[in-house]
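Visitor: I would like to learn how to read a model like this one, feature by feature. Could you walk me through it?

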Amino acid sequence: MLQTVGEWIWWDRLWLPGNLSWSALEDKEGRVYAKVSHLYASLPCALCLLVVRYLFERYFATPLANFWGIRDKIRLPAEQNPILEKYFCSQTRVPSQADVWSLCKKTGWPERRVQVWFRRRRNQERPGLRKRFSEASWRCAFYLFAFFGGILALYDKPWVYNLREVWAGFPKQSLLPSQYWYYMLEMGFYLSLVFSLTFDVKRKVSKTHSLCLEAFLMCQNIHRFKYRGAKVFNYATWQQTSNGMFVVFAVVFMVTRLIVFPFWLIHCTWVYPLELYPAFFGYYFFNVMLLVLQLLHLYWAALILRMVYKFIFTQVGLQMSLCPCMWDVWECGSILNGHSSDFPHKKNPLVCFFYREHNLA
């Protein structure tokens, strides 16, 4: 049964153009071709990166946080109350007004006391500033090295300067060692993020889409480095440096994601292959994935532009977009929708942006 399913999944007509078969891509004469089995190396890479991350955060990020005086905010613990604790764990972290009144009757507490209990209890679940700093430092360091690693792997390749060269000899293209290790490290990194979801700062966007695309296309890392770098310096209260890096990040994001990506990369994968072969399933599959990614780029660009607009025309500090206190919004999703009247920024569109941004970052 499994063998039959595997044969259908890897059917030649799905992934190869024309009358080519997988037998044409067998290693010979010193030429090594990309194979699905090569992806297995991403697993040990992910495990190694988890070890490297642990050592990095313990022996570099933590001492750096101490040097810059980054401290966790003291949070008051919630009172012991089995009824509220059971409701918090089994029902919801942010109760509606009707639920608050119901809990007031069950506990005999006034409404304000119940609201304060849930606020403090949510605070206990949120990651501390030092944890966010360590995580941002690790990602910033990886993206920086990945960016320069990509330059070293590609600077002497002809297809960097002439995109038609990407399809020269396709699909009989040998796999270079520099390409192999770059892709394995990138995929290992995203796979390590999947493994660390249970103890990382929670985010809504899955890494699955990135993992699939890494098997087909090298992602750019410089804008991620600038964004994570901006967060690192913001946690260290270097606001001018943080603001400057965030502005550079916004510019680089707009250029690479709204100009280079659709008009160079997607054009390369959408137009040039048809000059050599008729369209096949793999052609549509990867191009649809790239289009989905482009839609996400448009959405994120709209959020960034709206934040920049607010910064320019309302004189709201740009550092607020990265400010640690904005993590308070992370657990106030229903409050932002008007379920509570004691949240001072519930109608501030900039705060709404921060809520979404910190769940997508």
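Guide: Gladly! Let us begin with the record: UniProt positions are given in the numbering used here, feature names are shortened, and annotations may be inferred rather than shown by experiment. Please also keep in mind that this is a predicted model.

Visitor: Thanks. Where does UniProt place the feature "transmembrane region"?

Guide: The UniProt entry, which is unreviewed, places that feature at residues 38–56, 136–155, 180–199, 246–272 and 284–305. We can then look at what the model does over such spans. Residues 284–305 are 100% helix and 0% strand, with 31 Å between the end C-alpha atoms. For residues 180–199 the figures are 80% helix and 0% strand, and the end C-alpha atoms lie 29 Å apart.

Visitor: How many helices and strands does the protein chain have?

Guide: There are 14 helices and zero strands, so the pattern along the sequence is written with α throughout: α-α-α-α-α-α-α-α-α-α-α-α-α-α. Of the 361 residues in the protein chain, 44% are buried. Among contacts with a separation of 6 or more, 76% come from residues 24 or more positions apart.

Visitor: How should I describe two helices that pack together?

Guide: Two packed helices are described by the angle between their axes and the distance between the axes. Here, helix 5 (residues 97–107) packs with helix 6 at an angle of about 110°, and their axes are 9 Å apart. Helix 5 is therefore roughly perpendicular to helix 6.

Visitor: Which residues in helix 5 and helix 6 meet?

Guide: On the helix 5 side they are Gln 97, Val 100, Trp 101, Leu 103, Cys 104 and Thr 107. Their partners in helix 6 are Glu 111, Val 114, Gln 115 and Phe 118.

Visitor: Now the rings, please. How many aromatic pairs does a search of the whole structure find?

Guide: The search finds 26 aromatic pairs. One of them is Phe 88 with Trp 117, an edge-to-face pair with 6.2 Å centre to centre and 80° between the planes. Because Phe 88 lies in helix 4 (residues 82–90) and Trp 117 in helix 6 (residues 111–125), the pair ties together parts that are 29 residues apart in sequence. Phe 88 is buried at 6% relative accessibility, and Trp 117 is buried at 2%.

Visitor: Why is the pair of Phe 88 and Phe 118 tilted?

Guide: Planes under 30 degrees apart count as stacked, over 60 as edge-to-face and the rest as tilted. The planes of Phe 88 and Phe 118 are at 40°, with ring centres 6.3 Å apart, so the pair is tilted. This pair also links distant parts of the chain, with Phe 88 in helix 4 and Phe 118 in helix 6, 30 residues apart. Both Phe 88 and Phe 118 are buried.

Visitor: What else do the rings show?

Guide: There is a cluster in which ring pairs link Phe 56, Phe 60, Trp 138, Phe 142, Tyr 143, Phe 189 and Tyr 190. Elsewhere, a charge sits over a ring: the charged end of Arg 113 is 3.9 Å from the centre of the ring of Trp 109.

Visitor: Is Arg 53 buried or exposed?

Guide: Arg 53, in helix 3 (residues 42–67), is buried, with a relative accessible area of 6%. Leaving out residues up to four places away in sequence, Arg 53 touches Glu 135, Trp 138, Leu 193, Ser 196 and Asp 200. Glu 135 lies in helix 7 and is buried too, at 3% relative accessible area. In space, Glu 135 and Ala 61 are 8.5 Å apart, C-alpha to C-alpha, although 74 residues apart in sequence.

Visitor: And what should I look for in the loops?

Guide: Peptide bonds are a good place to start, as most of them are trans. In this model a cis peptide bond joins Phe 170 and Pro 171, with omega about 0°. Pro 171 lies in the loop between helix 7 (129–154) and helix 8.

Another loop runs between helix 8 (177–195) and helix 9 (208–214), and Phe 199 lies there. With a relative accessible area of 45%, Phe 199 is partly exposed. Phe 199 and Pro 127 are 9.3 Å apart in space, C-alpha to C-alpha, and 72 residues apart in sequence.

Technical notes: Residues numbered from 1 in each chain as written. Predicted model: local features only at pLDDT ≥ 70, side-chain atom pairs only at ≥ 80, totals over all residues. Heavy atoms only, no water. Phe/Tyr/Trp six-rings, centres within 6.5 Å; stacked < 30°, edge-to-face > 60°. Helix = DSSP H or I, 4+ residues; strand = E, 2+ residues; numbered from the N terminus. Buried < 20%, exposed > 50% of the residue type's maximum accessible area, 1.4 Å probe, protein only. Lys NZ or Arg CZ within 6 Å of the ring centre and 35° of its normal. Axes fitted to C-alpha atoms, helices over the stretch in contact; angles between N-to-C directions. Parallel < 35°, antiparallel > 145°, perpendicular 65-115°, else oblique. Contact = heavy atoms within 4.5 Å.
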